[in-house]
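Visitor: I'd love a close look at one small part of this protein, and then a sense of what lies around it. Could you walk me through it?

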Amino acid sequence: MTICVGVAVFDGIVFAADSAASMVGINPSGQPAIRNVYNGGNKLFNLVRGLPIAAMTCGMGNFGSAPIASMTKDLRKELSAEGSSRYLDPHAYSMKDVVDRVQGYFEEAFDRLDPKPLGSYTFEYWLGGYGSVSNGHEIWKISLANGKFSQPILALPSGECGIVYSGQPEAINRLVMGYSPRFVEALLQAGMNPDMVQPLLQYAQQAANAEMLSAAMPIQDAIDLADFLADVTKRYVRFLPGADTVGGETDIAAVTRHERFKWIKRKHFYPAHLNPLETDHV
């Protein structure tokens, strides 16, 4: 599992993601069960080097034998190569152009899978950044659920500020929204009229919402907030029963209109001092 966090302020966008990669198998009773958790997963990416675009993922960690991180690097080559059908002209593109190319790439890759995954599964791919002539950032979400891609969702329109998150949202929901996502199920089980649930949630959110984001906060404070929300989730999951399905190092990147993509925190699988010519890997 995963925690992916996006924080958007006037200054730009911050993406943060943990590093836990859960391996799921089948237990003796025939039910899915976590067999192991590895803390070296890469879920945050510099989608096109030199451009103000970041990506992060949660859900399925691979399509067949292809890790999402490796697929993203292959996609990067296509987006950067003149003559490629997915080439992204760095001087003339919109974020919607990026989203369409990325969704098309993953749809084609999924269609080629044989056999397809079984059971219940999801895949999300978040994109945040600026178009070539846009002064406003955008955050989009691409999603696959049980074999079907949805239409891309514009989570934060141009210039809009806010917090988005996915993966295991329980801790952040409790902290920011003021209630657990399981609260809805509890109300329905208690016999509440379904038509009353949504108005009640809206009232509860207005009353309990923690106003942690200020649109005018500097990008450094947005970085600190994204790091904090990811860390809260990791620590929350640590003390729950079961496997630590959110954990490892937190990778963080910031995207601004002038500085473009900047790594803030990033793990390496190799010692940097032994690889002085290596500058990037995700």
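Guide: Happily! In this predicted model, a polar atom of the Ser19 side chain lies 2.6 Å from the backbone oxygen of Glu249. Ser19 sits in the loop that links β2 (12–17) with β3 (21–26). Is this loop residue buried or exposed? Ser19 has a relative accessible area of 0%, and because buried means under 20%, Ser19 counts as buried. Beyond its neighbours within four places in sequence, Ser19 is in contact with Tyr38, Asn39, Gly40, Gly41 and Lys43, and also with Gly247, Gly248, Glu249, Asp251 and Lys267.

Now let's follow β2 into its sheet. The sheet is open and has five strands, in the order β13-β1-β2-β14-β15, with antiparallel pairing. At its edges are β13 (162–167) and β15 (260–265), each of which pairs on one side only. From one strand to the next, the twist averages 15°. Strand β1 (residues 3–9) is joined to β13 by six bridges, and Ile3 stands opposite Gly167 of β13. Across β1, β2, β13, β14 (251–256) and β15 lies helix α6 (residues 219–238), which runs at about 160° to β1.

A last stop is the nonpolar interior. The largest nonpolar core has 33 residues, and those touching the most other members are Leu47, Phe63, Phe106, Tyr125 and Leu127. Helix α2 gives the most to this core, with eight residues. Leu127, leaving out residues up to four places away in sequence, touches Met95, Val98, Val99 and Val102, among others. Apart from this core lies another, of 26 residues, including Tyr165, Val176, Leu201 and Leu229.

Terms used
Residues numbered from 1 in each chain as written. Predicted model: local features only at pLDDT ≥ 70, side-chain atom pairs only at ≥ 80, totals over all residues. Heavy atoms only, no water. Core = buried A, V, L, I, M, F, W, Y, C linked by side-chain atoms within 4.5 Å. Buried < 20%, exposed > 50% of the residue type's maximum accessible area, 1.4 Å probe, protein only. Helix = DSSP H or I, 4+ residues; strand = E, 2+ residues; numbered from the N terminus. Contact = heavy atoms within 4.5 Å. Polar contact = N/O pair within 3.5 Å; in protein donor to acceptor, adjacent residues only side chain to side chain. Pairing = 2+ DSSP bridges. Axes fitted to C-alpha atoms, helices over the stretch in contact; angles between N-to-C directions.
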